[in-house]
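Please look over the sequence and the model below before reading on. The paragraphs that follow lead from the overall arrangement of the chain to a few individual residues.

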Amino acid sequence: MPMIVEDWDRLTFRVNREAYRSSEIFDRERDNVWLQSWLYLGHETEIAKPNDFIVRTLAGRPLIFCRDTDGEVRAWLNSCPHRGTVLCRETAGSSKLFQCFYHAWTFRNNGDVAAIPDDSAYEGSEGLRESMKLRAVPRLEIHEGYVFVSFNPDVPPLLEYLGGAADYMTMIEQQHVGGMTTLPGVQLYSVRGNWKLAVENAMDGYHFSPTHNTFVGYLRENGFAVTDDDQYAYNLGNGHSLLVLTGHGGRISMIWEPRFGADERARTEAHRKEMAERLGEKRAHYVADESHILFVFPNLLLFDIEGLSIRQLEPVSAGQTDVRAWQLVPRVEDPASRALRMKTVVSFVGPGGLATPDDIEAYEAVQRGIEATAKERRSELDFSDMSRGMIDEVKGVQGRSIDEGAMRGFWRHWVGAVGIDNGLRVVGKRPASFLEGRDVR
Ligand code: FES
Ligand SMILES: [Fe+2]
């Protein structure tokens with residue numbers, strides 16, 4: 001049964017709604033994507049000091065994300081090597097040791113066994129302490145402070161995997177002298193929708209004006225024009241995608257707009273000048289003058305818009321997704337700009353902001369609505385349409401952010417990665433000008 005029907009004769013692209021509903025597909029995604037790919041675990045600055053730790057679940061696996069006493073970043077399975085108990089039951093803190101509550105085996109944060117109570121009874125058990133060390137996640141690599149792990153020991157190097165997405169993460173790091181840091185605290189929420197709806201939503205400029213009309217109205221009242229012109233969507237390869245936005249919202253310390261107030265204007269101009277000197281005008285232009293929404297397949301979204309948010313997706317079941325979000329801020333920043341930044345970020349992409357509740361309602365409404373066509377005899381009705389802007393792929397012109405090209409790129413990659421037999425049906429011939437995984441600059 002095809003999951004995707006891409007028809008070049010009719011210029012239609014349809015996605016089978018079972019992809020959002022089926023627990024079989026969810027299990028297959030777990031095996032073939034989440035346990036094979038690189039996954040975003042967290043930001044290095046969340047565990048800034050030696051002995052800091054955070055407990056976090058990824059691909060359904062409980063993990064301890066920590067910095068050991070020597071300063072090295074680690075990711076351990078949060079499961080006692082003795083009999084499997086959850087080892088660390090705090091959510092976050094600072095500790096050199098993790099002690100299991102069940103039989104009190106104790107481990108150092110570098111994985112070594114520190115103590116086994118009454119270990120004389122293990123006399124003769126050869127190499128016990130060596131074989132009972134904490135289990136590391138097989139691979140861990142860091143790019144610009146973003147810590148990725150993989151449960152697949154044979155996954156290609158991180159930078160190779162990130163490909164064209166890597167530089168957009170570097171661009172964020174280059175926004176300010178001294179780089180970026182996460183702020184303490186995480187926003188957690190759970191959505192009754194499939195994780196892929198969250199990806200689609202972030203790559204979907206088409207919904208912006210109708211869904212967020214309150215926000216658009218507010219911008220207009222404050223003298224800021226909203227436009228969809230010159231905004232593009234790019235497929236960066238490996239399922240990663242990017243929206244480049246210039247048509248709405250300012251950028252704290254980079255693009256001033258009236259709602260930021262007069263004081264911020266001078267600071268913005270000074271910072272923009274400093275950026276041009278430090279990075280060169282061309283690079284500074286790409287870093288400062290456009291907003292980016294970057295999706296790194298499969299679980300990381302970076303909203304480099306008014307302010308900066310990191311969003312991580314953790315699918316729980318086909319119809320349920322946990323979302324975690326952090327604010328990323330310059331390490332060095334004027335307190336007034338910081339306050340403005342926080343206010344701006346929470347008022348739009350925060351869980352109680354002007355955007356996110358609308359978006360969550362949209363993808364929960366999709367999850368509810370698609371029940372209407374589940375097991376529908378007219379099986380062609382149980383498909384969602386993502387054809388918008390396909391003509392640009394025929395013409396070989398860059399797709400717009402308000403079309404659905406970034407979503408098509410995501411789904412084409414997804415169907416290959418999940419490995420569904422005959423999952424992609426291509427009708428007609430892909431045009432010669434069709435470019436996939438195109439890098440932009
Ligand atoms: S299961 Fe952890 S000490 Fe026994
Ligand atoms: Fe939205």
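Domain bounds, as used here, come from an automatic or database domain assignment. With that understood, the C-alpha centres of domain 1 and domain 2 lie 33 Å apart, where domain 1 covers residues 39-154 and domain 2 covers residues 165-427. The model is a predicted one, and every value given for it is computed from that prediction.

Where the two domains meet, the contact draws 10 residues from domain 1 and 13 residues from domain 2. On the side of domain 1 that touches domain 2, the elements that supply two or more residues are β3 (39-43) and β4 (52-58), and of these β3 gives the most, with 3 residues. Sorted by class, that side of domain 1 holds 4 nonpolar, 4 polar and 2 charged residues.

A database record also has something to say about this part of the chain: an unreviewed UniProt entry lists residues 39-149 under "domain: Rieske". In the model, the end C-alpha atoms of residues 39-149 are 5 Å apart, and the span is 4% helix and 41% strand.

Taken as a whole, the chain has 14 helices and 22 strands. Its radius of gyration is 23 Å, close to the 22 Å that the globule rule gives for 441 residues, so the chain is as compact as a globular protein of that length. Along the principal axes, the C-alpha atoms fill a box of roughly 75 × 60 × 35 Å. Buried residues account for 41% of the 441 residues, and among contacts between residues at least 6 apart in sequence, 63% join residues at least 24 apart.

What lies in the interior? The largest nonpolar core has 92 residues, and of these Leu39, Leu41 and Met203 touch the most other members. Helix α14 (residues 405-418) provides the largest share of this core, 6 residues. Because domain 1 (39-154) and domain 2 (165-427) both give residues to the core, it lies between them. Leucine 39 itself touches Trp34, Leu58, Ala59, Phe148, Val149, Ser150 and Asn299, when residues up to four places away in sequence are left out of the count. Apart from this largest core lies another, of 5 residues, with Met254, Met275, Val287 and Ala288 among them.

Helix α6 (residues 195-202) shows how covered a single element can be, since 8 of its 8 residues are buried. The buried residues of α6 include the nonpolar Trp195, Leu197 and Val199, and they also include the charged Lys196 and Glu200.

Some features of the backbone deserve a separate look, given that most residues other than glycine have a negative phi, and most peptide bonds are trans. Asparagine 51, in the loop between β3 and β4, has a phi near 80°, a positive value in a residue other than glycine. Is asparagine 51 buried or partly exposed? A residue counts as buried if 20 or more other C-beta atoms lie within 10 Å of its own, and as exposed if 12 or fewer do; asparagine 51, with 16 C-beta neighbours inside 10 Å, therefore counts as partly exposed.

Alanine 59, which is found in the loop between β4 and β5 (61-67), likewise is not a glycine and has a positive phi, of about 50°. Alanine 59 is buried, because 22 other C-beta atoms lie within 10 Å. This alanine is also one of the residues that leucine 39 touches.

A cis peptide bond joins phenylalanine 297 and proline 298, with omega about 0°. Proline 298 is placed in the loop between β17 (291-296) and β18 (300-304).

The last stop is arginine 311, a residue of strand β19 (residues 308-317). Arginine 311 counts as buried because 21 other C-beta atoms lie within 10 Å. Leaving aside residues up to four places away in sequence, arginine 311 touches Leu301, Phe303, Val323 and Ala325. Between arginine 311 and tryptophan 76, which are 235 residues apart along the chain, the C-alpha atoms are separated by 22 Å.

Key
Residues numbered from 1 in each chain as written. Chains lettered and ligands numbered in written order. Predicted model: local features only at pLDDT ≥ 70, side-chain atom pairs only at ≥ 80, totals over all residues. Contact = placed C-beta atoms within 7 Å. UniProt positions renumbered as here; feature names shortened; annotations may be inferred. Core = buried A, V, L, I, M, F, W, Y, C linked by C-beta atoms within 7 Å. Rg over C-alpha atoms; globule rule 2.2 N^0.38 Å.
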